[in-house]
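Here are some exercises to work through with the model open in your viewer. Try each task before you read its solution.

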Amino acid sequence: MRSETAGDVVRAKEMDETVSEFFRRTILKIPLTEMMTILKTWNFLSENQLQTVNFRQRKESLVQDLVLLCEENRASLNDAALLDIIYTQFHRHQKVWDVFQMSKGPGEDTDLFDMEQFKSSFKKILKRALKNVTVSFRDAEENAVWIRIAWGTQYGKPNQYKPAYVVYYSQTPYAFTSSSQLKSNLPLLGQTFETHNSTTPLQERSLGLDINMDSRIIHENKTEKERVQRVTQEIFGDYPQPRLEFAQYKLETKFKSDLNGGILAEREEPLRCLVKFSSPHLLEALKSLAPAGIADAPLSPLLTCIPNKGMNYFKIRDK
């Protein structure tokens with residue numbers, strides 16, 4: 001029988017500390033008004049354990065007490081991931097979701113769906129393609145399953161604090177994915193779903209890291225994204241922008257409104273204010289606004305005229 005070495009003890013301790021920190025940061029972001037509801041939904045801590053906790057104390061102390069209870073219950077990384085999924089379910093409206101639609105080939109019928117087999121195969125395929133990845137699942141209503149994926153690299157551990165979330169409705173061609181920090185893994189994720197949707201058994205398919213997005217996977221807002229990219233390129237070009245750190249607008253104009261009356265509408269003197277945009281690289285920042293979904297395309301001519309006019313100081317008056 002193999003004896004435990006000092007190295008084993010150190011590695012186990014480091015793993016415990018990593019999980020504890022994951023729990024601490026996950027619990028810390030839960031609003032106090034939702035804390036009890038989310039913990040009960042998680043159903044990892046018993047009712048008796050929750051009754052021993054003072055939920056009226058300072059949040060930092062409350063988090064520490066809850067982390068200690070998790071440690072007493074020998075909580076695992078997957079337990080922490082499930083808590084994070086539940087928190088995300090409560091706050092799913094704060095995420096940006098992409099919709100993927102997968103289609104069967106001609107003559108391919110809908111397969112009978114086994115959720116447990118799907119989970120097992122999904123995880124195996126991702127781990128086969130990328131060793132350092134953790135995958136967690138939580139069943140939801142309407143035959144949906146939530147999937148949490150913490151991506152690593154070939155040589156780096158998974159980053160538990162920048163995961164991707166997927167909501168997949170079984171026996172349908174739809175999957176909803178949250179925006180992931182690691183965009184390079186999106187084709188791998190899409191190919192995994194395509195593999196599952198194929199008539200070929202999932203566990204018999206293999207994936208490489210140099211795969212491209214399968215043509216049968218359709219991005220729902222692809223047309224709009226292409227329009228935004230085209231408009232942005234027409235305005236700013238496809239070359240690096242000149243470096244500019246600020247642009248300033250001085251406004252001297254009368255108040256205009258579709259509503260009748262009001263103090264400002266009766267004011268004879270023009271409104272005067274100064275607006276300043278600043279950034280280490282302002283033009284590149286403006287160029288990225290619409291593609292990032294922060295602003296509509298095209299941007300206001302007051303912003304896009306900067307390169308053409310060669311100016312960064314403007315005075316706006318009534319004509």
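## Exercise 1: A salt bridge within one helix

Arg-24 is partly exposed, because its relative accessibility of 32% falls between the limits of 20% and 50%. Keep in mind throughout that this is a predicted model.

**Task.** Find which residue forms a salt bridge with Arg-24, and work out how the pair is placed in the chain.

**Solution.**
1. Start from the side chain of Arg-24: its salt-bridge partner is Glu-21, with 3.0 Å between the closest N and O atoms.
2. Next, place the pair: both residues belong to helix α1 and sit three residues apart, about one turn of the helix.
3. Finally, check the partner: Glu-21 has a relative accessible area of 28%, so this residue too is partly exposed.

## Exercise 2: A salt bridge across the chain

**Task.** Lys-29 forms a salt bridge with Asp-84. Decide where each residue lies, whether Asp-84 is buried or exposed, and which residues share a network with the pair.

**Solution.**
1. The closest N and O atoms of Lys-29 and Asp-84 are 2.7 Å apart.
2. This pair links distant parts of the chain, since Lys-29 is in the loop between α1 and α2 while Asp-84 is in helix α5, 55 residues away.
3. Compare the accessibilities: Lys-29, at 37%, is partly exposed, whereas Asp-84, at 2%, is buried.
4. Now look for further links: Arg-148 joins Lys-29 and Asp-84 in a network of salt bridges.

The model has nine salt bridges in total.

## Exercise 3: The largest nonpolar core

**Task.** Identify the residues with the most contacts inside the largest nonpolar core, and say which element gives the most to this core.

**Solution.**
1. The core contains 23 residues, and Phe-23, Trp-42, Leu-66 and Leu-83 have the most contacts inside it.
2. Two or more residues come from each of α1 (6-28), α2, α4 and α5.
3. Of these, α4 gives the most, with six residues.
4. Zoom in on Trp-42: beyond its neighbours within four places in sequence, the residues in contact with Trp-42 include Phe-23, Leu-82, Leu-83 and Ile-86.
5. A separate core of 17 residues lies apart from this one, and among its members are Ile-147, Trp-151, Val-166 and Ala-175.

As background, nonpolar side chains tend to be buried together in soluble globular proteins.

## Exercise 4: A three-stranded sheet

**Task.** Work out the strand order of the open sheet and name its edge strands.

**Solution.**
1. The order is β8-β7-β9, with mixed pairing.
2. β8 (271-278) and β9 (313-317) each pair on one side only, and these are the edge strands.
3. Ignoring direction, neighbouring strands are turned by 15° against each other on average.
4. β7 and β8 run antiparallel and are joined by eight bridges; Phe-246 stands opposite Ser-278 in β8.

## Exercise 5: A buried glutamine in a loop

**Task.** Locate Gln-241, and find which backbone oxygen its side chain reaches.

**Solution.**
1. Gln-241 is in the loop between α8 (222-236) and β7 (246-253).
2. Its relative accessibility is 7%, under the 20% limit, so Gln-241 counts as buried.
3. The side chain of Gln-241 reaches the backbone oxygen of Tyr-239 at 3.2 Å.
4. With residues up to four places away in sequence left out, Gln-241 touches Phe-236, His-281, Leu-283, Glu-284, Lys-287 and Pro-307.

Notes. Residues are numbered from 1 along each chain as its sequence is written. This is a predicted model: local features need pLDDT of at least 70, side-chain atom pairs count only at pLDDT 80 or more; totals for chains, interfaces and linings use all residues. Side-chain values use heavy atoms; hydrogens and water are left out. Helices (H or I, at least four residues) and strands (E, at least two) are DSSP runs, numbered from the N terminus. Buried means under 20% relative accessible area, exposed over 50%, partly exposed in between (1.4 Å probe, protein chains only). A polar contact is a pair of N or O atoms within 3.5 Å; within protein, one must be able to donate a hydrogen and the other to accept it, and residues adjacent in sequence count only if both atoms are side-chain atoms. Contact means heavy atoms within 4.5 Å. A nonpolar core is a set of buried Ala, Val, Leu, Ile, Met, Phe, Trp, Tyr and Cys residues joined through side-chain atoms within 4.5 Å. Two strands pair if DSSP finds at least two bridges between them. Axes are lines fitted to C-alpha atoms, for helices over the stretch in contact, and angles run from 0 to 180 degrees between N-to-C directions. A salt bridge is a side-chain nitrogen of Lys or Arg within 4 Å of a carboxyl oxygen of Asp or Glu.
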